[in-house]
2 protein chains.
Amino acid sequence: MRESDSNDVPDIEDLHRACMRIRDWVRETPVFNDPHLDASLDCTLYSKCENLQRTGSFKFRGASNAICSLRENGSEGDVATHSSGNHGAALALAASLDGRKAHVVMPENSVPMKIEAVRRYGGIVHFCSATQESREEELEKRVKEGKIPVHPYDNANIIAGQGTASMELLQQIPGLELIITPLGGGGLVSGTAIAAGARGIPVYGIEPEGAADTVASLQQDARVESWQADTIADGLRAVVGVRNFAVIRAQVKQVLTTSDQEICRAMSLFWQETRMTIEPSSATVIAAIRKYPEIFRGKKIGAIITGGNLDPASWAAMTEGYSA
Amino acid sequence: MRESDSNDVPDIEDLHRACMRIRDWVRETPVFNDPHLDASLDCTLYSKCENLQRTGSFKFRGASNAICSLRENGSEGDVATHSSGNHGAALALAASLDGRKAHVVMPENSVPMKIEAVRRYGGIVHFCSATQESREEELEKRVKEGKIPVHPYDNANIIAGQGTASMELLQQIPGLELIITPLGGGGLVSGTAIAAGARGIPVYGIEPEGAADTVASLQQDARVESWQADTIADGLRAVVGVRNFAVIRAQVKQVLTTSDQEICRAMSLFWQETRMTIEPSSATVIAAIRKYPEIFRGKKIGAIITGGNLDPASWAAMTEGYSA
């Protein structure tokens, strides 16, 4: 399924088309600024709240664009993907809106409520081991059965769909000096770089220290193909994709890392000021703004808050002892 | 402090003025519809998310209107109020934005994070017993010291400010058939009734069974002045105010009750479909839509989600065992 043509990436026109294509399915999510949070972070922060997107994450944008594109092309039948959860739930809902089934390969160590969410939206779950190889192998089986593959990030339609979050953000908030997003497989950061690049606005991607394969790939100037992820940020454990790495290398200003401790502290801070419980993956951006004042101090920043799919008991356990 | 002139209530022009007065301080909160939640509740629900308002509740609207009105009138000095927490935090922030201090009388059994929030926004906390009489007595002391009283609900500026949530909602979502709000002291429901009444839209208020003083007041056609509240919905334990009761009696279509069990189940359901952790007070409206299908089935409903000031660990404890 992994097509390795790194030239097959969307451009800004593809993002405009994606915005039109998915407008009836996705929510225009709100953007919040909070002066107390700004004081804590020493910047002016506009949080694009994709945690309030349908299915609880930005992934519904890419999934909607992929499914609507299949429909436009007259491509019928069920779809298959691999996912730590959010893309799976998003694809399950998008597929069901178009009368299809989604088969979702999920690592055994996926967050239980994310497994349940895939099923609740009508998806069929297939478990695999918690490695990139196992994910790809198990997905390959579904493709051989005739399912249409929709890769969670290494796919031009997914990248264009994820980029629509920043297309919206840039319309909602004029004058942003930079945009910052979490970085896992790279679907969001690459779509964001295409959206923001068209306006000359730099984009930063944030990886957890325990899943910093993109930083390693940039250092060796070649994509790392395998990585044993070890981080609380379950949504960011995947290895960066081929197309995604090509865009990141060319268009992302810098990739930075944050530790799990910094992530937990950022979850606590964000809740204190906004009353929203966000996933550890989302909190990487807040953690990074705190950690790298030499980059972010005093700036007018757009941050994509990627998802809120974490049960409150787990949130409480993760943040215990990390007062803001 | 309790002025007992029930004729001193705002009209729709006061609400329009309040909207203009507070527009630079309050957030225009988002309104969400979710088809899965609609399917569970058998209606079309538009949730006006005041849990995402500054200070985490709609109370910042009334507090802002009260403080801005003082400023307009040239009335200088610190303010005082009593509050289970959300009005206290809201008044503390509004006062600080105008360079004032807020003195907040709080029942000893207030939610700890609400006490902390009052202090974080610069308010000064004074504890009292958990009765209406004790709240009023302790507040009277502050007023004798020269503080300007800003009653949490029995105050025309507060009522007008709270009504701005529905003024916004009615602009955001055309064609609502009814609006439903939680009911504690009655500031929100009375402001809502004034806003919606101007368009001929009926308003329902929801009380917890353990704080159903307004239902009792309506039954005996006279305001109950004391009530020993016993409910998980800490924001709704106050006794309905004089002005508030006058508006409710004249303009609110019906007051309904929900049990604490129904409230906890509704908190769980709302989170499952929206990923927002809302206070038990907020969840009364979701619980009531479930409980009274003969009233709400098939309707296009606006619901004020009043606040999100509940720590996730407490949320998890309250909803444990209440799957949606």
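# Close-up views of chains A and B

**View 1. B:Asp221 sits in the loop between α9 (213–220) and α10 (242–251) of chain B.** Helices are DSSP runs of H or I with at least four residues, strands are runs of E with at least two, and both are numbered from the N terminus. This is a predicted model, in which local features need pLDDT of at least 70 and side-chain atom pairs count only at pLDDT 80 or more, whereas totals for chains, interfaces and linings use all residues. To find your way around, note that residues are numbered from 1 along each chain as its sequence is written, and that chains are lettered from A and ligands numbered from 1 in the order in which they are written. The phi angle of B:Asp221 is near 55°, a positive value in a residue other than glycine. B:Asp221 has 7 other C-beta atoms within 10 Å and is therefore exposed. The burial scale calls a residue buried if 20 or more other C-beta atoms lie within 10 Å of its own, exposed if 12 or fewer do, and partly exposed in between, with C-beta atoms placed from the backbone.

**View 2. A:Thr55 belongs to the loop between β2 (44–49) and α3 (59–72) of chain A.** Its phi is near 70°, again a positive value in a residue other than glycine. A:Thr55 counts as buried, because 28 C-beta neighbours lie inside 10 Å.

**View 3. B:Gly146 lies in the loop between α6 (132–144) and β6 (148–149) of chain B.** B:Gly146 counts as exposed because it has 9 C-beta neighbours inside 10 Å. Should you wish to place it against another residue, its C-alpha is 35 Å from that of B:Gln251, which is 105 residues away along the chain.

**View 4. Six strands of chain B form an open sheet with mixed pairing.** Reading across, the order is β1-β2-β10-β7-β8-β9. Two strands are taken to pair if DSSP finds at least two bridges between them. β1 (31–32) and β9 (254–258) of chain B are the edge strands, each having a single partner strand, so one side of each lacks a neighbour in the sheet. Strands β7 (residues 178–182) and β10 (residues 300–305) of chain B run in the parallel sense and share three bridges. To pick out a bridge here, start at B:Ile179 and look across to B:Gly302, its partner in β10(B).

**View 5. Strands β8 (residues 203–208) and β9 of chain A pair in the parallel sense.** Five bridges link the two, and A:Tyr204 has A:Gln254 of β9(A) as its bridge partner. Because four of the five residues of β9 (residues 254–258) in chain A are buried, this strand is largely enclosed by the rest of the structure.

**View 6. Domain 1 (12–57 + 155–319) and domain 2 (60–149) of chain A touch each other.** These bounds come from an automatic or database domain assignment. The domain centres, taken over C-alpha atoms, are 22 Å apart. The contact takes 27 residues from domain 1 and 22 residues from domain 2; residues are in contact if their C-beta atoms, placed from the backbone, lie within 7 Å. On the domain 1 side, α1 (12–22) and α7 (156–172) of chain A each supply at least two residues. α7(A) gives the most to that side, with seven residues. The domain 1 side divides into nine nonpolar, 13 polar and five charged residues. Here Ala, Val, Leu, Ile, Met, Phe, Trp, Tyr, Cys and Pro count as nonpolar, Asp, Glu, Lys and Arg as charged, and the others, Gly among them, as polar.

**View 7. Chains A and B meet through 11 residues of chain B and 11 residues of chain A.** The chain B side holds five nonpolar, five polar and one charged residue. A turn of 180° with a shift of 0.0 Å along the axis lays chain B on chain A with an RMSD of 0.0 Å. Copies are superposed by least squares on the C-alpha atoms of residues with pLDDT of at least 70 in both. The two copies are thus related as by a two-fold rotation axis. In chain B, the C-alpha nearest the axis belongs to B:Pro312, 2.5 Å from it. The same surface serves both copies, as 100% of the contact residues of chain B recur in chain A.

Note on methods: Contact = placed C-beta atoms within 7 Å.
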